[in-house]
Amino acid sequence: GALEPGDSKQGTTVQGRFNSPKDVDSYSVPLANNIAVNGSSEFSNQAFYIRVYDSRKRLLKSSDEAFSMNFPRGRYTVLISPCDEDGLCYQGVTSYTVSFQ
């Protein structure tokens, strides 16, 4: 979906707020080679899911913790949500930061 107020992308970092318990924020991110993906929330653990899809809309990775992957150069869709693709959700998380480095 479109970015809501409070959601932003600065270079290799995206950050925002979940406007509802099932909010899904979508970002288009250019990635290449080995990338470390790290997320943080207001909790001590990540407490949300990062889902990475390729240009053919295939789910490459869904994780609620930091991960590294080797990406063929291209543009990827990154979905950030309290819920995973199966509807399992974290409760109470409202803000996030994710970095791609």
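A strand, written β, is a DSSP run of E residues of at least two, and strands are numbered from the N terminus. In this predicted model, the chain reads β-β-β-β-β-β-β along its sequence. The secondary structure therefore comes to 7 strands and 0 helices.

**The chain as a whole**

The radius of gyration of the chain is 12 Å, close to the 13 Å given by the globule rule for 101 residues, so the chain is as compact as a globular protein of that length. The table collects further values for the chain.

| Property of the chain | Value |
|---|---|
| Span of the C-alpha trace along its principal axes | about 35 × 25 × 25 Å |
| Share of the 101 residues that count as buried | 39% |
| Accessible surface | about 5,600 Å² |
| Share of that surface belonging to carbon and sulfur atoms | 48% |
| Distance between the mean positions of the 10 positive and 11 negative charges | 10 Å |

Contacts also link distant parts of the sequence: among those between residues at least 6 apart, 67% join residues at least 24 apart.

**The surroundings of Gln46**

Where in the chain does Gln46 lie? Gln46 is placed in the loop between β3 (25-41) and β4 (49-53). Is Gln46 buried or exposed? Its relative accessibility is 6%, and because buried means under 20%, Gln46 counts as buried.

A polar atom of the Gln46 side chain lies 3.0 Å from the backbone oxygen of Phe48. Apart from its neighbours within four places in sequence, Gln46 is in contact with Gly39, Ser40 and Ser41, and also with Ser63, Asp64, Glu65 and Ala66.

Terms used. Residues are numbered from 1 along each chain as its sequence is written. This is a predicted model: local features need pLDDT of at least 70, side-chain atom pairs count only at pLDDT 80 or more; totals for chains, interfaces and linings use all residues. Side-chain values use heavy atoms; hydrogens and water are left out. Helices (H or I, at least four residues) and strands (E, at least two) are DSSP runs, numbered from the N terminus. Buried means under 20% relative accessible area, exposed over 50%, partly exposed in between (1.4 Å probe, protein chains only). A polar contact is a pair of N or O atoms within 3.5 Å; within protein, one must be able to donate a hydrogen and the other to accept it, and residues adjacent in sequence count only if both atoms are side-chain atoms. Contact means heavy atoms within 4.5 Å. The radius of gyration is taken over C-alpha atoms; the globule rule is 2.2 Å times the number of residues to the power 0.38. Accessible areas come from the Shrake-Rupley method with a 1.4 Å probe; for residues, only the protein chains shown count as cover. Lys and Arg count as positive and Asp and Glu as negative; His and the chain ends are not counted. The place of a charge is taken as NZ of Lys, CZ of Arg, CG of Asp or CD of Glu.
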